[in-house]
Amino acid sequence: MGDFVLNVNGAHVSVSASSEETLLSVLRNRLNLTGTKYGCGEGQCGACTVLLDGRATRSCLVSMASANKAKIVTIEGLEQDGKLSAVQQAFLDEGAFQCGYCTSGMILGVTSLLHERHNPTEEQIVEAMEGHICRCGTYPRIVEAVKRASRLLAQGASR
Amino acid sequence: MNHRDKPTTEFAQSISLARPGTSGLDRRDFLKILGGGLLICFTHTSSWAQESGRAFGGHELPKELGAWLHIAADGQVKVFTGKVEVGQNIRTSLAQLVAEELRVPFDAITMVMGDTDLTPWDMGTFGSRTTPTMGLQLRTMAAAARQMLLEVAAGRWHVAPASLTAADGKVTDPQNARSLAYGELSRGEKLVKTVSSEESLTAATEWKIAGTAVPKAEGRDFVTGKHKYPSDISLPEMMFGAVLRPDGFNATLASLDTGSAEKLPGVKVVRDGDFIGLVAPDAFIAQHALAAIQARWDVPAQPSNQGLFAYLKDTPESGRDDGPQHVSGSVAQAMPDADLKLEEQYTVAYIAHAPLEPRAAVAEWTDGKLTVWTGTQRPFGVRDELMQAFHLPSAQVRVIQPDMGSGYGGKHTGEAAIEAARLAKAAGKPVKVVWTRSEEFNWAYLRPAGLIEIKAGARRDGTLVAWEHHNYNSGPAAIGTPYNVANQLIQYHAAKSPLRQGSYRGLASTANHFARESHMDGMAYVVGMDPLEFRMKNLTDSRLQAVFQAAAAEFAWGRLKSTPERGFGIAGGVDKGGYVATCAEVEIDPASKRLRIHRVVQAWECGAIVNPDGLRNQLTGAIVQGIGGALFERILFANGRILNPHFAQYRVPRFSDTPQIEIVLVDRKDLPSAGAGETGLVGLAPAVGNAIFAASGLRFHNMPLAPQSSVPAEPDSTFRS
């Protein structure tokens with residue numbers, strides 16, 4: 001066990017964990033940031049996606065040793081002053097979820113995508129999101145949510 | 001088929017197919033409990049009242065209004081139901097139905113669901129029963145509550161109840177221009193009324209809240225990460241549990257050394273017969289300790305995918321052959337006289353539900369009372385399992401089901417709940433157990449594999465005259481044909497499954513529709529008719545005709561001609577009150593033999609639509625989920641081991657597999673609402689298989705139709721997806 005100071009959602013948080021422990025495990029079990037989900041533990045489903053220095057990253061594959069230095073954003077960190085981010089708002093407006101278990105990871109994946117490409121084509125959306133599983137099969141609405149978020153951002157909505 | 005028996009059979013199947021001993025009840029017990037078709041009784045208002053007080057399994061659905069509805073002094077309405085929300089959006093649509101009958105705004109309603117201490121007993125959330133049964137139940141209670149509030153107001157004002165109106169959470173006396181809010185009338189007190197007579201319900205044509213696209217209740221919590229799923233529950237001093245799994249099914253423990261695990265800080269190993277588990281102060285140490293346990297298992301030789309279907313046909317489950325589901329006329333006499341005949345074997349593979357949230361539970365013992373938060377479609381069923389496992393009366397066990405990361409029929413049982421409770425008892429502290437993805441693939445149950453044999457005969461003019469359908473192991477749901485055939489023999493044959501199997505979204509409806517609708521397509525070809533025309537010729541069910549016509553019109557069926565690169569197929573059916581027709585367009589690369597579903601049009605009718613937006617979401621999801629089983633999902637196994645228990649090996653539908661999907665809703669406000677969570681899945685696979693045939697002239701009889709790899713000695717597809 002070691003002591004770490006993580007930069008999570010804009011705050012510095014002290015936590016004791018093993019350096020081999022995954023960021024996912026620390027977020028969920030030690031920091032009670034349970035919006036980040038466990039789906040497979042193998043980087044195959046995208047449920048555990050967080051932003052590491054702005055890039056979508058599978059937190060189940062990141063050890064504490066490497067998470068230590070990065071700026072981490074989880075689903076809990078997207079809302080600002082009670083206002084949803086453009087991507088969150090777009091998912092809500094499109095009803096782009098059923099059980100919602102994949103939604104956190106999807107939203108962070110899309111946030112990262114729209115940071116890199118402001119107006120992705122459908123093909124680019126599919127390619128970027130291929131690593132995310134929605135077992136309820138809500139993919140068509142998620143694609144629509146990406147397009148809506150892209151429009152919201154073009155109109156000046158906050159990330 | 002006796003229609004009164006149908007839901008009972010489905011229900012019994014959904015439970016009894018789980019491994020004996022896990023549900024604690026066998027099929028006979030359930031039939032005994034259910035007696036004379038209680039489920040169907042709830043679909044008819046007229047018989048509801050007389051049936052509602054009847055006991056089943058010692059359980060009575062309360063007739064007291066207060067058990068179902070509470071109106072607080074501030075006007076907030078709490079509604080109590082044992083049904084659960086698993087992503088099918090029933091929390092929203094039930095609240096709409098209550099808001100409609102009670103005459104309150106949608107936002108005034110809070111649904112309390114799936115908590116065995118707070119909600120009336122319920123069998124579980126499956127079989128598309130929530131909308132037709134619980135919807136009707138809650139509408140009835142809400143209508144009774146509204147009437148009661150009118151009477152209370154009339155009493156306070158000394159006027160006749162009939163002179164008053166109820167709307168927007170208030171009772172109004174229009175003649176004297178005064179009103180009282182519901183909260184002022186109820187004063188937060190329990191609503192004491194026995195609802196024993198039929199209440200007059202609002203017709204769907206008059207609906208203002210029901211029937212509209214109300215967004216998902218508490219939707220904001222799902223985009224902010226605030227919603228707590230079962231695996232997110234945390235309690236003070238909670239420990240983390242892990243369970244040692246054998247190396248294979250039916251294994252026996254040969255040797256065990258837990259010494260290194262027990263040396264880890266705070267770890268306690270718990271052994272109770274065959275159960276070997278541990279608790280640790282955190283999840284990380286729990287998994288390390290589990291890996292440190294040295295165990296050797298003897299795993300007996302067991303069947304594999306190779307030869308599975310012959311095994312299922314040759315290995316009946318003794319005492320389970322109930323005889324034919326349906327016989328009419330004489331197939332034996334009619335078949336030889338038919339002008340044109342077709343006989344085929346179809347198979348479906350074992351597939352996994354793979355809900356993204358695996359099984360999870362948090363258990364806490366307080367003064368001898370056990371409370372478990374867990375993801376399950378049957379909170380009361382899991383309570384029964386816990387009562388049995390720990391010899392507790394029902395009052396000493398509480399099961400709470402937070403809206404979960406879905407189930408698709410895969411979470412009827414309480415494995416994680418029992419494990420967490422056992423470990424919590426030994427630890428003297430609350431314990432959380434979350435299954436790994438691999439545990440979920442290996443130790444949950446699967447959708448049954450099955451072999452279906454169909455023999456059909458028709459006259460030269462396309463009239464079907466004989467139909468014989470045998471289903472080995474996959475199940476009896478929707479086994480009966482909706483087409484008019486004078487001579488029928490239809491039979492389900494229960495088999496001994498080498499793998500643990502159980503309920504799955506739609507049950508065997510997918511398998512039986514795949515076989516029947518593929519065979520109908522084959523018969524159309526033999527007869528020389530257009531597949532849609534052939535179906536319509538043999539169909540008089542106007543609801544099924546209507547969805548076929550609606551789907552065909554939207555798809556432009558008559559104007560599309562298949563080529564080797566592009567095939568168009570159609571299929572449809574009816575089950576659980578839902579009518580579906582599906583058209584699929586499949587793209588094929590003749591060189592690489594790769595195929596992809598390009599476009600799907602699905603028409604749907606389930607009576608009066610409660611929430612068209614939720615319905616579209618369910619139907620789209622059903623199509624996407626159906627793509628997995630249709631094209632590539634398959635559990636591979638040998639000698640008691642699952643060979644592909646990871647998402648890297650077990651392919652599920654992803655963004656790139658998703659076709660253009662168009663949903664056509666047929667809203668029949670004149671008909672009672674049926675459930676829509678399941679039957680939307682059944683048209684996809686046969687429509688795709690028929691599209692492949694239309695393009696290539698090749699008929700594939702085995703689901704999955706375009707798998708990643710072949711199974712030695714079993715029929716294979718030419719195509720890959």
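**Close-up views of a predicted two-chain model**

**View 1. Paired strands β15 and β16 of chain B and the helix between them.** In this predicted model, strand β15 of chain B (residues 369-374) and strand β16 of chain B (residues 397-400) run parallel and are joined by 4 bridges, where strands are taken to pair if DSSP finds at least two bridges between them. Within this pairing, Trp373(B) stands opposite Ile400(B) of β16(B). Together with helix α13 of chain B (residues 379-390), β15(B) and β16(B) make a right-handed β-α-β unit; right-handed here says that, with the strands pointing away from the viewer, the path from the first strand over the helix to the second runs clockwise. Helices (H or I, at least four residues) and strands (E, at least two) are DSSP runs, numbered from the N terminus. Residues are numbered from 1 along each chain as its sequence is written, while chains are lettered from A and ligands numbered from 1 in the order in which they are written. Because the model is predicted, local features need pLDDT of at least 70 and side-chain atom pairs count only at pLDDT 80 or more, whereas totals for chains, interfaces and linings use all residues.

**View 2. The buried face of helix α5 of chain A.** Helix α5 of chain A (residues 122-129) has Ile125(A), Ala128(A) and Met129(A) as its buried residues, a residue being buried if 20 or more other C-beta atoms, placed from the backbone, lie within 10 Å of its own. Seen down the axis of α5(A), these buried residues fall within an arc of 85 degrees, so they line one face of the helix; the arc is that of the directions from the helix axis to the C-beta atoms. The buried residues of α5(A) pack against α4 (103-116) and α6 (139-154) of chain A, with contact taken as C-beta atoms, placed from the backbone, within 7 Å.

**View 3. The contact between the two domains of chain A.** Chain A is assigned domain 1 (2-76) and domain 2 (86-154), with bounds from an automatic or database domain assignment. The centres of the two domains, taken over C-alpha atoms, are separated by 21 Å, and their contact takes 15 residues from domain 1 of chain A and 13 residues from domain 2 of chain A. On the side of domain 1, β3 (49-52) and β4 (55-58) of chain A are the elements that give two or more residues, and β3(A) provides the largest share, 3 residues.

**View 4. The contact between chain B and chain A.** This contact takes 46 residues from chain B and 44 residues from chain A. On the side of chain B, α8 (220-223), α10 (283-292) and α19 (612-632) each supply at least two residues, the largest share, 7 residues, coming from α19(B).

Note on methods: Buried ≥ 20, exposed ≤ 12 C-beta atoms within 10 Å, placed from the backbone.
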